[in-house]
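The following exercises accompany a structure that the reader is asked to explore step by step. Each task is followed by a worked solution.

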Amino acid sequence: MFRPAVLLLSFALLSPAATRPRIVGIANIAVKVDSLDEARKFYSGVVGMAEAFSTRDPGIEGPLACFKVNDRQFVEVSPTLKGDEDRLIRIGFETDDARKLRDYLASRGVAVPAKIDRDLNGNRSFVVKDPDGHSVQFVQYMPGSVHLRDTGKHLAATRISDHMLHVGVLVHDPARSDAFYKDILGFRLQWKGGPTDTKFEWISMMVPDGHDWIEYMVRDTKPTPQQLGVLNHYALSSMDLQPVYRTVVERGYKPQREPAIARDGRWLLQLYDKNYTRTEMMIRKPVQTPCCSPNLDDVK
(Lines give C-alpha, C1' and ligand atoms only; values in the text may rest on other atoms or scores of the structure.)
Protein backbone atom coordinates (compact mmCIF):
# COMPACT_ATOMS: atom_id res chain seq x y z
CA MET A 1 0.00 0.00 0.00
CA PHE A 2 1.02 3.63 -0.39
CA ARG A 3 2.83 5.20 2.58
CA PRO A 4 2.83 8.80 3.79
CA ALA A 5 5.49 11.17 2.52
CA VAL A 6 7.36 11.25 5.85
CA LEU A 7 7.79 7.48 5.80
CA LEU A 8 8.77 7.55 2.15
CA LEU A 9 11.51 10.08 2.91
CA SER A 10 12.91 8.14 5.85
CA PHE A 11 12.88 4.89 3.88
CA ALA A 12 14.65 6.53 0.93
CA LEU A 13 17.38 7.92 3.22
CA LEU A 14 18.06 4.45 4.62
CA SER A 15 17.88 2.52 1.34
CA PRO A 16 20.46 2.21 -1.42
CA ALA A 17 19.89 4.53 -4.35
CA ALA A 18 17.91 2.96 -7.17
CA THR A 19 17.31 4.24 -10.67
CA ARG A 20 13.86 4.16 -12.19
CA PRO A 21 13.68 2.29 -15.51
CA ARG A 22 11.56 3.64 -18.32
CA ILE A 23 7.75 3.76 -18.17
CA VAL A 24 6.82 4.16 -21.80
CA GLY A 25 3.03 4.13 -22.08
CA ILE A 26 -0.32 2.59 -21.25
CA ALA A 27 -0.45 -1.19 -21.50
CA ASN A 28 -4.00 -2.02 -20.46
CA ILE A 29 -7.16 -1.34 -18.60
CA ALA A 30 -9.17 -4.20 -17.10
CA VAL A 31 -12.84 -3.87 -16.13
CA LYS A 32 -15.73 -5.99 -14.90
CA VAL A 33 -19.02 -6.53 -16.70
CA ASP A 34 -22.06 -8.60 -15.85
CA SER A 35 -22.37 -10.18 -19.30
CA LEU A 36 -19.51 -11.08 -21.61
CA ASP A 37 -21.93 -11.39 -24.54
CA GLU A 38 -23.06 -7.78 -24.01
CA ALA A 39 -19.44 -6.66 -23.64
CA ARG A 40 -18.57 -8.30 -26.95
CA LYS A 41 -21.40 -6.42 -28.65
CA PHE A 42 -19.83 -3.18 -27.43
CA TYR A 43 -16.05 -3.70 -27.52
CA SER A 44 -16.05 -5.69 -30.77
CA GLY A 45 -19.38 -4.71 -32.33
CA VAL A 46 -19.21 -0.96 -31.64
CA VAL A 47 -15.59 -0.07 -30.82
CA GLY A 48 -14.47 -2.65 -33.38
CA MET A 49 -11.64 -4.33 -31.47
CA ALA A 50 -10.93 -8.00 -32.06
CA GLU A 51 -11.20 -10.36 -29.10
CA ALA A 52 -7.66 -11.66 -29.48
CA PHE A 53 -7.10 -14.12 -26.64
CA SER A 54 -7.78 -14.72 -22.94
CA THR A 55 -5.63 -13.45 -20.10
CA ARG A 56 -5.38 -14.40 -16.45
CA ASP A 57 -5.22 -12.15 -13.41
CA PRO A 58 -4.38 -13.53 -9.96
CA GLY A 59 -7.05 -11.40 -8.34
CA ILE A 60 -9.86 -12.39 -10.72
CA GLU A 61 -11.71 -15.68 -11.02
CA GLY A 62 -11.56 -17.17 -14.49
CA PRO A 63 -10.18 -15.79 -17.76
CA LEU A 64 -10.48 -12.23 -19.01
CA ALA A 65 -11.45 -11.55 -22.62
CA CYS A 66 -8.68 -9.46 -24.16
CA PHE A 67 -9.72 -6.92 -26.81
CA LYS A 68 -6.82 -5.59 -28.84
CA VAL A 69 -6.22 -1.87 -29.42
CA ASN A 70 -2.77 -2.54 -30.89
CA ASP A 71 0.11 -4.94 -30.28
CA ARG A 72 0.96 -3.32 -26.92
CA GLN A 73 -2.36 -1.98 -25.62
CA PHE A 74 -5.37 -4.00 -24.53
CA VAL A 75 -8.83 -3.72 -22.94
CA GLU A 76 -9.44 -6.74 -20.71
CA VAL A 77 -12.94 -7.68 -19.60
CA SER A 78 -14.02 -10.03 -16.82
CA PRO A 79 -17.68 -11.17 -16.54
CA THR A 80 -17.53 -11.17 -12.73
CA LEU A 81 -19.38 -7.94 -11.89
CA LYS A 82 -21.59 -8.28 -8.84
CA GLY A 83 -24.07 -5.58 -7.91
CA ASP A 84 -22.83 -2.05 -7.41
CA GLU A 85 -19.13 -2.81 -7.00
CA ASP A 86 -16.47 -0.82 -8.82
CA ARG A 87 -16.10 -1.90 -12.42
CA LEU A 88 -12.37 -1.11 -12.55
CA ILE A 89 -9.99 -4.02 -11.95
CA ARG A 90 -6.70 -2.27 -12.78
CA ILE A 91 -4.84 0.06 -15.06
CA GLY A 92 -1.50 -0.97 -16.54
CA PHE A 93 1.64 0.73 -17.82
CA GLU A 94 4.47 -0.73 -19.87
CA THR A 95 8.04 -0.65 -18.56
CA ASP A 96 11.23 -1.89 -20.16
CA ASP A 97 12.44 -3.55 -16.94
CA ALA A 98 9.88 -4.75 -14.41
CA ARG A 99 12.44 -6.11 -11.96
CA LYS A 100 14.38 -2.86 -11.78
CA LEU A 101 11.15 -0.91 -11.45
CA ARG A 102 10.13 -3.15 -8.57
CA ASP A 103 13.48 -2.46 -6.87
CA TYR A 104 13.15 1.27 -7.50
CA LEU A 105 9.65 1.44 -6.00
CA ALA A 106 10.81 -0.57 -2.98
CA SER A 107 13.60 1.96 -2.44
CA ARG A 108 10.96 4.72 -2.38
CA GLY A 109 8.87 3.00 0.27
CA VAL A 110 6.15 1.53 -1.94
CA ALA A 111 4.90 -1.94 -1.00
CA VAL A 112 5.92 -4.33 -3.81
CA PRO A 113 6.13 -8.12 -4.26
CA ALA A 114 9.15 -9.86 -2.79
CA LYS A 115 10.26 -10.93 -6.27
CA ILE A 116 9.09 -10.88 -9.87
CA ASP A 117 8.80 -13.97 -12.02
CA ARG A 118 6.80 -14.55 -15.16
CA ASP A 119 3.10 -13.94 -14.57
CA LEU A 120 0.16 -16.09 -15.65
CA ASN A 121 0.36 -14.58 -19.15
CA GLY A 122 4.11 -15.10 -19.61
CA ASN A 123 5.20 -11.51 -18.95
CA ARG A 124 7.11 -9.94 -16.08
CA SER A 125 4.61 -7.83 -14.21
CA PHE A 126 3.60 -6.71 -10.76
CA VAL A 127 0.85 -4.67 -9.15
CA VAL A 128 0.96 -1.91 -6.56
CA LYS A 129 -1.77 0.24 -5.03
CA ASP A 130 -1.94 3.96 -5.68
CA PRO A 131 -3.08 6.42 -2.95
CA ASP A 132 -6.75 5.88 -3.84
CA GLY A 133 -6.43 2.10 -3.73
CA HIS A 134 -6.47 1.50 -7.47
CA SER A 135 -4.47 -1.49 -8.68
CA VAL A 136 -1.66 -0.25 -10.93
CA GLN A 137 0.16 -2.87 -12.97
CA PHE A 138 3.60 -2.48 -14.52
CA VAL A 139 4.28 -4.97 -17.28
CA GLN A 140 7.34 -5.90 -19.31
CA TYR A 141 6.24 -7.85 -22.35
CA MET A 142 8.34 -10.99 -22.70
CA PRO A 143 9.04 -13.32 -25.65
CA GLY A 144 6.62 -16.22 -25.63
CA SER A 145 3.91 -14.39 -23.68
CA VAL A 146 0.31 -14.55 -24.91
CA HIS A 147 0.64 -10.89 -25.89
CA LEU A 148 3.80 -11.11 -27.96
CA ARG A 149 2.78 -14.39 -29.59
CA ASP A 150 -0.14 -12.42 -31.03
CA THR A 151 2.01 -9.63 -32.52
CA GLY A 152 0.68 -8.61 -35.91
CA LYS A 153 -2.55 -10.56 -35.42
CA HIS A 154 -6.08 -9.50 -34.50
CA LEU A 155 -5.52 -5.91 -35.63
CA ALA A 156 -9.09 -5.51 -36.78
CA ALA A 157 -9.84 -3.16 -39.65
CA THR A 158 -13.07 -2.37 -37.81
CA ARG A 159 -11.27 -0.58 -34.95
CA ILE A 160 -12.39 3.02 -34.54
CA SER A 161 -8.92 3.73 -33.11
CA ASP A 162 -5.53 2.05 -32.95
CA HIS A 163 -4.14 3.87 -29.91
CA MET A 164 -5.13 4.28 -26.25
CA LEU A 165 -4.22 7.82 -25.23
CA HIS A 166 -5.03 7.78 -21.55
CA VAL A 167 -6.71 6.09 -18.63
CA GLY A 168 -8.67 7.96 -15.99
CA VAL A 169 -9.24 7.08 -12.35
CA LEU A 170 -11.11 8.54 -9.40
CA VAL A 171 -8.83 10.68 -7.21
CA HIS A 172 -9.79 12.21 -3.87
CA ASP A 173 -6.60 14.17 -3.10
CA PRO A 174 -4.43 15.29 -6.05
CA ALA A 175 -1.51 16.10 -3.75
CA ARG A 176 -1.36 12.48 -2.55
CA SER A 177 -1.65 11.25 -6.12
CA ASP A 178 1.19 13.57 -7.15
CA ALA A 179 3.38 12.14 -4.38
CA PHE A 180 3.03 8.77 -6.09
CA TYR A 181 2.66 9.42 -9.81
CA LYS A 182 4.75 12.60 -10.10
CA ASP A 183 7.34 12.48 -7.30
CA ILE A 184 8.04 8.74 -7.31
CA LEU A 185 7.12 7.57 -10.81
CA GLY A 186 8.13 10.72 -12.69
CA PHE A 187 4.84 11.50 -14.47
CA ARG A 188 4.65 15.09 -15.74
CA LEU A 189 1.79 17.57 -15.99
CA GLN A 190 0.11 17.96 -19.33
CA TRP A 191 -3.01 19.99 -18.46
CA LYS A 192 -5.46 20.58 -15.63
CA GLY A 193 -8.94 22.03 -15.70
CA GLY A 194 -12.50 21.66 -14.60
CA PRO A 195 -16.06 22.87 -14.96
CA THR A 196 -14.95 26.33 -13.80
CA ASP A 197 -11.65 28.12 -14.40
CA THR A 198 -10.52 27.69 -10.80
CA LYS A 199 -11.77 24.19 -9.99
CA PHE A 200 -9.35 21.51 -11.15
CA GLU A 201 -11.27 18.23 -11.49
CA TRP A 202 -9.39 16.87 -14.51
CA ILE A 203 -5.61 16.63 -14.21
CA SER A 204 -3.60 14.94 -16.97
CA MET A 205 -0.19 13.51 -16.05
CA MET A 206 1.94 12.04 -18.87
CA VAL A 207 4.09 8.95 -18.41
CA PRO A 208 7.77 9.89 -17.90
CA ASP A 209 9.12 8.23 -21.05
CA GLY A 210 6.27 8.53 -23.53
CA HIS A 211 3.20 10.53 -24.39
CA ASP A 212 0.24 8.58 -22.96
CA TRP A 213 -1.19 9.81 -19.70
CA ILE A 214 -3.29 9.16 -16.62
CA GLU A 215 -6.12 11.55 -15.84
CA TYR A 216 -6.96 12.30 -12.22
CA MET A 217 -10.76 12.49 -12.03
CA VAL A 218 -10.99 14.50 -8.83
CA ARG A 219 -14.04 14.12 -6.58
CA ASP A 220 -14.51 14.78 -2.87
CA THR A 221 -17.74 12.79 -2.57
CA LYS A 222 -18.53 9.11 -3.04
CA PRO A 223 -19.73 8.50 -6.60
CA THR A 224 -22.52 6.17 -7.64
CA PRO A 225 -21.61 3.05 -9.65
CA GLN A 226 -22.69 4.81 -12.84
CA GLN A 227 -20.55 7.83 -11.97
CA LEU A 228 -17.61 5.50 -11.24
CA GLY A 229 -17.95 4.11 -14.74
CA VAL A 230 -17.59 7.62 -16.11
CA LEU A 231 -14.65 8.47 -13.87
CA ASN A 232 -12.69 5.21 -14.24
CA HIS A 233 -12.34 5.18 -18.02
CA TYR A 234 -10.00 4.99 -20.99
CA ALA A 235 -9.59 7.18 -24.07
CA LEU A 236 -8.85 6.31 -27.67
CA SER A 237 -7.34 8.70 -30.20
CA SER A 238 -8.81 9.80 -33.51
CA MET A 239 -7.98 12.35 -36.19
CA ASP A 240 -11.65 13.01 -37.01
CA LEU A 241 -14.62 12.22 -34.77
CA GLN A 242 -17.36 12.82 -37.32
CA PRO A 243 -16.74 9.56 -39.23
CA VAL A 244 -16.30 7.76 -35.91
CA TYR A 245 -19.70 9.05 -34.81
CA ARG A 246 -21.31 7.92 -38.07
CA THR A 247 -19.65 4.51 -37.80
CA VAL A 248 -20.89 3.73 -34.29
CA VAL A 249 -24.39 4.88 -35.21
CA GLU A 250 -24.32 2.60 -38.26
CA ARG A 251 -23.31 -0.22 -35.92
CA GLY A 252 -26.45 0.30 -33.88
CA TYR A 253 -25.05 2.42 -31.03
CA LYS A 254 -26.50 5.87 -30.36
CA PRO A 255 -24.16 8.10 -28.30
CA GLN A 256 -25.80 10.28 -25.68
CA ARG A 257 -24.30 13.33 -27.38
CA GLU A 258 -22.71 14.14 -30.71
CA PRO A 259 -18.99 15.03 -30.83
CA ALA A 260 -18.28 18.38 -29.15
CA ILE A 261 -15.36 20.57 -28.15
CA ALA A 262 -14.66 20.25 -24.42
CA ARG A 263 -13.10 22.73 -22.03
CA ASP A 264 -9.63 21.40 -22.82
CA GLY A 265 -10.15 22.63 -26.38
CA ARG A 266 -10.32 19.12 -27.84
CA TRP A 267 -13.02 17.33 -29.79
CA LEU A 268 -14.52 14.52 -27.66
CA LEU A 269 -17.09 11.76 -28.09
CA GLN A 270 -18.31 9.55 -25.23
CA LEU A 271 -19.32 5.89 -25.53
CA TYR A 272 -20.38 3.55 -22.71
CA ASP A 273 -20.64 -0.21 -22.31
CA LYS A 274 -23.76 -1.73 -20.72
CA ASN A 275 -22.24 -1.41 -17.23
CA TYR A 276 -21.34 2.27 -17.69
CA THR A 277 -17.57 2.01 -18.25
CA ARG A 278 -16.67 4.88 -20.54
CA THR A 279 -14.74 4.73 -23.78
CA GLU A 280 -13.75 8.30 -24.60
CA MET A 281 -12.85 9.24 -28.16
CA MET A 282 -10.47 12.19 -28.41
CA ILE A 283 -8.65 14.27 -30.98
CA ARG A 284 -5.41 14.99 -29.18
CA LYS A 285 -4.60 18.37 -30.73
CA PRO A 286 -6.80 21.16 -29.29
CA VAL A 287 -8.71 23.28 -31.79
CA GLN A 288 -9.44 25.98 -29.22
CA THR A 289 -7.41 27.51 -26.40
CA PRO A 290 -7.93 25.31 -23.32
CA CYS A 291 -9.56 26.73 -20.25
CA CYS A 292 -7.96 26.92 -16.84
CA SER A 293 -4.26 26.27 -17.61
CA PRO A 294 -1.86 25.93 -20.55
CA ASN A 295 -1.66 22.63 -22.42
CA LEU A 296 1.92 21.40 -21.86
CA ASP A 297 1.61 18.41 -24.23
CA ASP A 298 5.07 17.73 -25.69
CA VAL A 299 4.18 14.98 -28.16
CA LYS A 300 6.19 15.32 -31.35
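**Exercise 1. The surroundings of N123**

Which residues does N123 touch, not counting residues up to four places away in sequence?

*Solution.* The model under study is a predicted one. Begin by placing the residue: N123 lies in the loop between helix 3 (98-107) and strand 6 (124-129). Next, list its contacts: beyond the residues up to four places away in sequence, N123 touches D117, R118, V139, Q140, Y141, M142, S145 and H147. Two of these partners are also reached through polar atoms. The side chain of N123 comes to 3.0 Å from the backbone nitrogen of M142, and a polar contact of 3.0 Å links the side chains of N123 and H147. Finally, consider accessibility: N123 counts as buried because its relative accessibility is 1%, and the cut-off for buried is under 20%.

**Exercise 2. The sheet that contains strand 6**

Determine the strand order of the sheet of 7 strands and state which strands stand at its edges.

*Solution.* The sheet is open, its order is 2-3-4-1-5-7-6, and its pairing is mixed. Strand 2 (50-55) and strand 6 each have a single partner strand, so they stand at the edges and one side of each is left without a neighbour in the sheet. On average, neighbouring strands of this sheet are turned by 25° against each other, direction ignored.

The partner of strand 6 can then be examined. Strand 6 and strand 7 (residues 135-140) run antiparallel and are joined by 6 bridges. Within this pair, V128 stands opposite V136 in strand 7. To complete the picture, add a helix: helix 2 (residues 36-43) lies across strand 1 (23-32), strand 2, strand 3 (64-70) and strand 4 (73-78), and runs at about 155° to strand 4.

**Exercise 3. The sheet of 8 strands**

Establish the order of the sheet of 8 strands, its edges and the pairing of strand 8 with strand 12.

*Solution.* This open sheet has the order 9-10-11-8-12-15-14-13, with mixed pairing. Its edges are strand 9 (188-193) and strand 13 (260-261); each has a single partner strand, so one side of each has no neighbour in the sheet. Strand 8 and strand 12 run antiparallel, joined by 4 bridges, and H166 stands opposite A235 in strand 12.

**Exercise 4. Strand 15 and its partners**

Are the residues of strand 15 (residues 278-282) buried or exposed, and which strands pair with strand 15?

*Solution.* First, take the residues themselves. Strand 15 is mostly covered, with 5 of its 5 residues buried. In a regular strand the side chains alternate between the two faces of the sheet. Here R278, E280 and M282 point one way, while T279 and M281 point the other way, and all are buried.

Second, identify the partners. Strand 12 (residues 233-237) pairs with strand 15 in the parallel sense over 4 bridges, whereas strand 14 (residues 267-272) runs antiparallel to strand 15 and is joined to it by 5 bridges. M282 in strand 15 has S237 opposite, and L268 also stands opposite M282.

Third, follow the turn. Strand 14 and strand 15 form a hairpin with 5 residues between them. In this loop, Y276 has a positive phi of about 85° although it is not a glycine. Most residues other than glycine have a negative phi. Y276 is partly exposed, because its relative accessible area is 31%.

**Exercise 5. Another positive phi**

Where is H154 found, and what is its phi?

*Solution.* H154 is found in the loop between helix 4 (146-149) and strand 8 (164-171). Its phi is near 55°, a positive value in a residue other than glycine. With a relative accessible area of 35%, H154 is partly exposed.

**Exercise 6. The packing of helix 5**

Which residues of helix 5 (residues 174-181) are buried, and against which strands do they pack?

*Solution.* Start at the N-terminal end, which D173 caps: a side-chain oxygen of D173 lies 3.0 Å from the backbone nitrogen of A175. The buried residues of the helix are S177, A179, F180 and Y181. These buried residues pack against strand 5 (88-95), strand 6, strand 7, strand 8 and strand 11 (213-218). As for direction, helix 5 lies across strand 8, strand 10 (202-206) and strand 11, and runs at about 160° to strand 11.

Notes:
Residues numbered from 1 in each chain as written. Predicted model: local features only at pLDDT ≥ 70, side-chain atom pairs only at ≥ 80, totals over all residues. Heavy atoms only, no water. Buried < 20%, exposed > 50% of the residue type's maximum accessible area, 1.4 Å probe, protein only. Helix = DSSP H or I, 4+ residues; strand = E, 2+ residues; numbered from the N terminus. Pairing = 2+ DSSP bridges. Polar contact = N/O pair within 3.5 Å; in protein donor to acceptor, adjacent residues only side chain to side chain. Contact = heavy atoms within 4.5 Å. Axes fitted to C-alpha atoms, helices over the stretch in contact; angles between N-to-C directions.
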